[in-house]
Amino acid sequence: MKIKVETRGLGKRYKEVVALAPTDLQVQHGEFLTLLGPSGSGKTTLLQMIAGLVMPTQGRLLIDGVDATDIPASARGVGLVFQSYALFPHMSVGDNVAYPLRMRRVARDQIKRSVHDALTMVRMQDFAGRYPSELSGGQQQRVALARCFVYRPSVILLDEPLGALDKKLREHMQLEIRRLHRELNATFIYVTHDQEEALTMSDRICLMNDARIEQIGTPRDLYDRPESRFAADFLGHSNLLDAEVYAGVLNWRGLSLPIPQESAEFVGPASLLVRPESAELVAPGTGFIRGVVSQAIFTGSDMRVIIDIGDGQQFFVRTNRELARAPGDTVGITWNARESVLLTR
Ligand SMILES: Nc1ncnc2c1ncn2[C@@H]1O[C@H](COP(=O)(O)OP(=O)(O)O)[C@@H](O)[C@H]1O
Ligand SMILES: [Mg+2]
């Protein structure tokens, strides 16, 4: 695998504010990498430094193995798409998409062909003569995408590009962007704070927290094997049982709960993570712990059951649609210990 973009101790400070702590990151050629994290975690800062729009205060950036830290943005072969579409309102769709090519003094015939191809890829070929004000939000974002990749940058950076769209359109555009990624054979670095979006779209997710990388891996790695409470909480729903581990069990409220095999040697304070879909409701008196159903919510595809397990804590279980339990019922809860994760930070 070829490394397309690499940061070596790349960091940014604004006086006392650390926007990005020194960061090492490698993005493979052709990869779809998502920077995921809460607002203020440094995602945009990292992306803008790769784009060349923000200068780092330390470290280096390499593109194709070449030090690009001091190369101006326009010479990096990097395209950028923002949430605000930033189309030129006084230019037609066709002229908007042609703009980067005109700036690069591409021949007129070539521009015509490239614009047509780019608009066809985003399924907007019939709208070349329209103005941005005559388009819906989703259509404008398609045009912004076409304008970004019309000059075939080998790295495409997208900063919350779907943030302004409603849920249905956003989900549709997620699939469209994935399709474009396949067709363009470019490296995509995508910023979002939406964990579902990150799980759906990414080859790998780089989870950011507090101006640094918290964990990096495939969507499955992050969901199934989070390395911290932060990662467990940020992706998906998590039930966390906090207690002390000794002698290979979690001593939780006087019970001895099993911990996964790979953590058998651990001793000390920890949290056991149980995902809602790993857990199951069983008869009271059986299972690992017990509780009282507080809500059973029908979501169409399944039931989401919230159970009070004492001390003000709730436990969330996802079960099949046919579950016959009502608020007030006492239940036992069991889970597959192999699917649980012991978190020690
Ligand atoms: N131009 C700036 N001046 C001062 N602080 C900034 C500037 N840009 C970003 N920051 C700070 O850096 C941190 C990271 O910001 P940002 O990269 O925009 O986060 P994200 O995109 O994850 O929301 C935040 O605390 C933000 O306030
Ligand atoms: Mg941002």
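# Exercises on a predicted two-domain model

A polar contact of 3.0 Å joins the side chains of S238 and D233, where a polar contact is a pair of N or O atoms within 3.5 Å, of which, within protein, one must be able to donate a hydrogen and the other to accept it, residues adjacent in sequence counting only if both atoms are side-chain atoms. The model is predicted, so that local features need pLDDT of at least 70 and side-chain atom pairs count only at pLDDT 80 or more, while totals for chains, interfaces and linings use all residues. Residues are numbered from 1 along each chain as its sequence is written, chains are lettered from A and ligands numbered from 1 in the order in which they are written, and side-chain values use heavy atoms, with hydrogens and water left out.

## Exercise 1: S238

**Task.** Locate S238 among the helices and strands, and work out which residues S238 is in contact with beyond its sequence neighbours.

**Solution.** Begin with the position: S238 sits in the loop that runs between α8 (229-234) and β11 (239-246), helices (H or I, at least four residues) and strands (E, at least two) being DSSP runs numbered from the N terminus. Next, besides D233, the side chain of S238 reaches the backbone oxygen of A232, at a distance of 3.5 Å. Finally, when neighbours within four places in sequence are set aside, S238 is in contact (heavy atoms within 4.5 Å) with A232, D233, L273, V274 and R275.

## Exercise 2: The two domains

**Task.** Determine how domain 1 and domain 2 are divided, and which residues supply most of the area that domain 1 buries against domain 2.

**Solution.** First, the domain assignment, which is automatic or taken from a database, gives domain 1 as 3-229 and domain 2 as 237-343. The centres of the two domains, taken over C-alpha atoms, are separated by 39 Å, and the contact takes eight residues from domain 1 and 11 residues from domain 2.

Second, about 720 Å² is buried between domain 1 and domain 2, with 43% of it on carbon and sulfur atoms; this buried area is the accessible area (1.4 Å probe) that two parts lose on being put together, summed over both. On the side of domain 1, Y223, R225 and R229 supply 75% of the area buried against domain 2, which is more than any other three residues.

Third, two salt bridges are found across this interface, a salt bridge being a side-chain nitrogen of Lys or Arg within 4 Å of a carboxyl oxygen of Asp or Glu. R229 and D242 meet in a salt bridge through their side chains, at 2.5 Å from N to O. Helix α7 (residues 219-224) provides the largest share of the side of domain 1 that touches domain 2, namely three residues.

## Exercise 3: T7 in its strand

**Task.** Decide whether T7 is buried or exposed, and find the backbone oxygen near which a polar atom of its side chain lies.

**Solution.** T7 belongs to strand β1 (residues 3-14). Its relative accessibility is 2%, and therefore T7 counts as buried, given that buried means under 20% relative accessible area, exposed over 50% and partly exposed in between (1.4 Å probe, protein chains only). A polar atom of the T7 side chain lies 2.8 Å from the backbone oxygen of T23, and T23 is also one of the residues in contact with T7, a list that further includes D24, L25, L46, R60 and L61 once neighbours within four places are left aside.

## Exercise 4: A salt bridge across the sequence

**Task.** Explain which parts of the chain the salt bridge of R123 and E176 ties together.

**Solution.** Side chains of opposite charge can pair when their charged atoms come close. Here the closest N and O atoms of R123 and E176 are 2.9 Å apart. Because R123 lies in the loop between α3 and α4 while E176 lies in helix α5 (residues 167-184), the pair ties together parts that are 53 residues apart in sequence. The two partners may then be set side by side: R123 is partly exposed, at a relative accessible area of 49%, whereas E176 counts as buried, at 7% relative accessibility.

## Exercise 5: Helix α2

**Task.** Identify which elements the buried residues of α2 pack against.

**Solution.** In helix α2 (residues 93-103) the buried residues are V93, G94, N96, V97, A98, P100 and L101. These buried residues pack against α3 (108-121) and α4 (137-149). Just after α2, R105 takes a positive phi of about 55 degrees.
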